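Work through the following exercises with the structure in view, and try each task before reading its solution.

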Amino acid sequence: MQLADKSIDQTCAHVASKKPACSRPTPGATTGGCAFEGAQIALFPYADAAHLVHGPLTCLGASWETRETKTSVEGRDFTQMGFTTGMELNDVIFGGEPRLAKAIAYIVEAYAPEAVFVYTTCVSALVGDDVNATCKEAALTHGIPVVPVHAPGFVGSKNLGSRLGAMDVLKNLIGTKEPQFSTPYDINLIGEYNVTGDMWQYTALLEELGIRVLSTLSGDGRVAKIRTAHRAKLNVIVCAKSLNAVCERMEKEYGIPYISVSFYGKRDTSDALLQIAHALGDEALMERTKALVAREEALVEAKLLPFKTKLTGKKAVLNTGGNKSWSIASALQDLGVEVVGTSVRKATEEDKEKARKYLGENGVLMENPGAEQANLIKERGAHLLLAGGRSLYTAIKQRVAFVDVNQEKKVSYGAYNGLVNLAHDVIKAIENPVFDVVGRRAPWEQ
């Protein structure tokens, strides 16, 4: 499996002196999302590829994709379909390779995908099935890429799984096809999954500037495009933690530089566009970008004016992961909301630095948000909790408004228009009386 080889990257410059990027799994850690789930999250947005889980039926059922990873793919959308080999007792005893080969053949014949991603699970990895050999033979037989994805749940966390899945794409797909043409402004978007259409909030602006998104890993992605990703002039990391390794390897193998940006909030969206233009090294492009940024900021400020009147002075606690620990904080500050604390449990050292920069010295960086967020809401007098669905009950108990900003969210918060959506949702939550009422004791209990 060569896990060590895949995870030798450092998530940031600070990691080398503190702890390795590939940490040893701890008992119970997979309850927060295992490596198998992380690999699916990273690759599932490829809607023109079939995603085959090589394991018992429960592995597919327990990990069924819940994110709204929107796609514009025409024809069959494979994000809506689940495939599994459904391994049984005999496969555990005698090996599941014949069942896997049969499943791939069936999928290719019945559905004609552009590629097949084959995910190993705890069971198929422990049995020792030679998934690489089966996939290689199937690719030769059927004439399409068949990509083995080695991220069984027991190897570690969700973030590690995302990284392992992306590295398998780098190894098996990137560089296997040439683009029809190239431009000086070709970029790859890395770590953008287009959840609720986040990516579409800013790709139109990139197109207006003449910047072409050559490929994505993997929001609204296409197999044919990711195969040409080695010809991009710049890699743009949208999610900092999980896929740095891919960009480091692509810089080493193909000489493609990379930058890390955020498209949440007005300031960060403007900064991202300017960073991309600067990295592409064209003065005319830089001037066009400055003009576009000025125009878009003026437009969004006009839209936000009625919201900011109501939100200025409100306090919020943020409990989310990765770069959202600071990027969502930045977006809230653009709305006039004071962020008194944010979770950095899943953040890199670089993310923590940025979170400190945005929150200031008085802001609390929570290392154990599950235990800290309730007290923080109480101590700082916060009006609002923004987190994943599991934190809803904390908000109810503390009788403060709640907004889900994780993958279960239903609208995009990306770029300028997404900031207006976020303002809408924050206002609706704060003005919703249910959060005050539902936390009260019943009349007969008082």
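**Exercise 1.** Determine in which sense strand 9 and strand 10 pair, and over how many bridges.

*Solution.* In this predicted model, begin by locating strand 9 at residues 315-319 and strand 10 at residues 338-343. Following the pairing between them, one finds four bridges, and the sense is parallel. As a check on the register, take Lys315 and look across to strand 10, where Glu338 stands opposite.

Next, place this pair in its sheet, which is open and consists of five strands in the order 11-10-9-12-13, with parallel pairing. The edges are formed by strand 11 (364-366) and strand 13 (401-404), each of which pairs on one side only. From one strand to the next, the twist averages 20°. Finally, look for a helix on this sheet: helix 18 packs there, touching strand 12 (384-387) and strand 13, and its direction makes about 150° with that of strand 13.

**Exercise 2.** Decide whether Ser325 is buried or exposed, and list what it touches beyond its neighbours in sequence.

*Solution.* First find Ser325 in helix 14, which covers residues 324-334. The relative accessible area of Ser325 is 0%, and the cut-off for buried is under 20%, so this residue is buried. Then, leaving out residues up to four places away in sequence, collect the contacts of Ser325: they are Leu318, Thr320, Thr342, Ser343, Val344, Ala347, Asp351 and Ala355.

**Exercise 3.** Describe the sheet of four strands, and find which helices lie on it.

*Solution.* Start with the order of the strands, which is 2-1-3-4 in an open sheet with parallel pairing. The edge strands, each pairing on one side only, are strand 2 (83-84) and strand 4 (146-149). Within the sheet, strand 3 (residues 115-120) runs parallel to strand 4 and is joined to it by four bridges, and Tyr119 stands opposite Val149 of strand 4. Turning to the helices, helix 8 (residues 158-172) packs on the sheet and touches strand 3 and strand 4, its direction making about 145° with that of strand 4. Helix 5 (residues 97-111) lies across strand 1 (49-54), strand 2, strand 3 and strand 4, and runs at about 160° to strand 1.

**Exercise 4.** Examine three salt bridges, and for each one state which parts of the chain are linked.

*Solution.* The whole structure holds 19 salt bridges, and the steps below treat three of them in turn.

1. Glu88 and Arg99 form a salt bridge whose closest N and O atoms are 3.7 Å apart. Glu88 belongs to the loop between strand 2 and helix 4 (89-94), while Arg99 is in helix 5, eleven residues apart, and the pair links distant parts of the chain. Arg99 has a relative accessible area of 28% and is therefore partly exposed.

2. Between Arg212 and Asp186, the N to O distance is 2.8 Å. This pair links strand 6 (residues 212-217), which holds Arg212, with strand 5 (residues 186-190), which holds Asp186, across 26 residues. Compare the accessibility of the two partners: Arg212, at 23%, is partly exposed, whereas Asp186, at 0%, counts as buried.

3. Glu301 meets Lys266 with the closest N and O atoms 2.8 Å apart. Because Glu301 lies in helix 13 (residues 283-311) and Lys266 in helix 12 (residues 266-280), the pair ties together parts that are 35 residues apart in sequence. Glu301 counts as partly exposed at 24%, and Lys266 counts as buried at 16%.

**Exercise 5.** Find how many residues the largest nonpolar core has, and which of them have the most contacts inside it.

*Solution.* The general background is that, in soluble globular proteins, nonpolar side chains tend to be buried together. Here the largest core has 71 residues, and those with the most contacts inside it are Ile211, Ile276, Leu332, Leu386 and Leu422. Helix 18 (residues 415-431) supplies the largest share of this core, nine residues. A second, separate core has 41 residues, including Ala151, Leu170, Val223 and Met250. To see one member of the largest core in detail, take Ile211, which, with residues up to four places away in sequence set aside, touches Tyr185, Ile187, Leu206, Ile276, Leu280 and Leu285.

**Exercise 6.** State the mean pLDDT of the chain, and find where the pLDDT is below 50.

*Solution.* The mean pLDDT is 90, and 92% of the residues reach 70 or more. The pLDDT is below 50 over residues 7-12, a stretch with 20 contacts in the model beyond near neighbours in sequence. It is also below 50 over residues 14-22, where the corresponding number of contacts is 16.

Definitions and conventions
Residues are numbered from 1 along each chain as its sequence is written. This is a predicted model: local features need pLDDT of at least 70, side-chain atom pairs count only at pLDDT 80 or more; totals for chains, interfaces and linings use all residues. Side-chain values use heavy atoms; hydrogens and water are left out. Helices (H or I, at least four residues) and strands (E, at least two) are DSSP runs, numbered from the N terminus. Buried means under 20% relative accessible area, exposed over 50%, partly exposed in between (1.4 Å probe, protein chains only). Contact means heavy atoms within 4.5 Å. Two strands pair if DSSP finds at least two bridges between them. Axes are lines fitted to C-alpha atoms, for helices over the stretch in contact, and angles run from 0 to 180 degrees between N-to-C directions. A salt bridge is a side-chain nitrogen of Lys or Arg within 4 Å of a carboxyl oxygen of Asp or Glu. A nonpolar core is a set of buried Ala, Val, Leu, Ile, Met, Phe, Trp, Tyr and Cys residues joined through side-chain atoms within 4.5 Å. pLDDT is the predictor's confidence in each residue, from 0 to 100.
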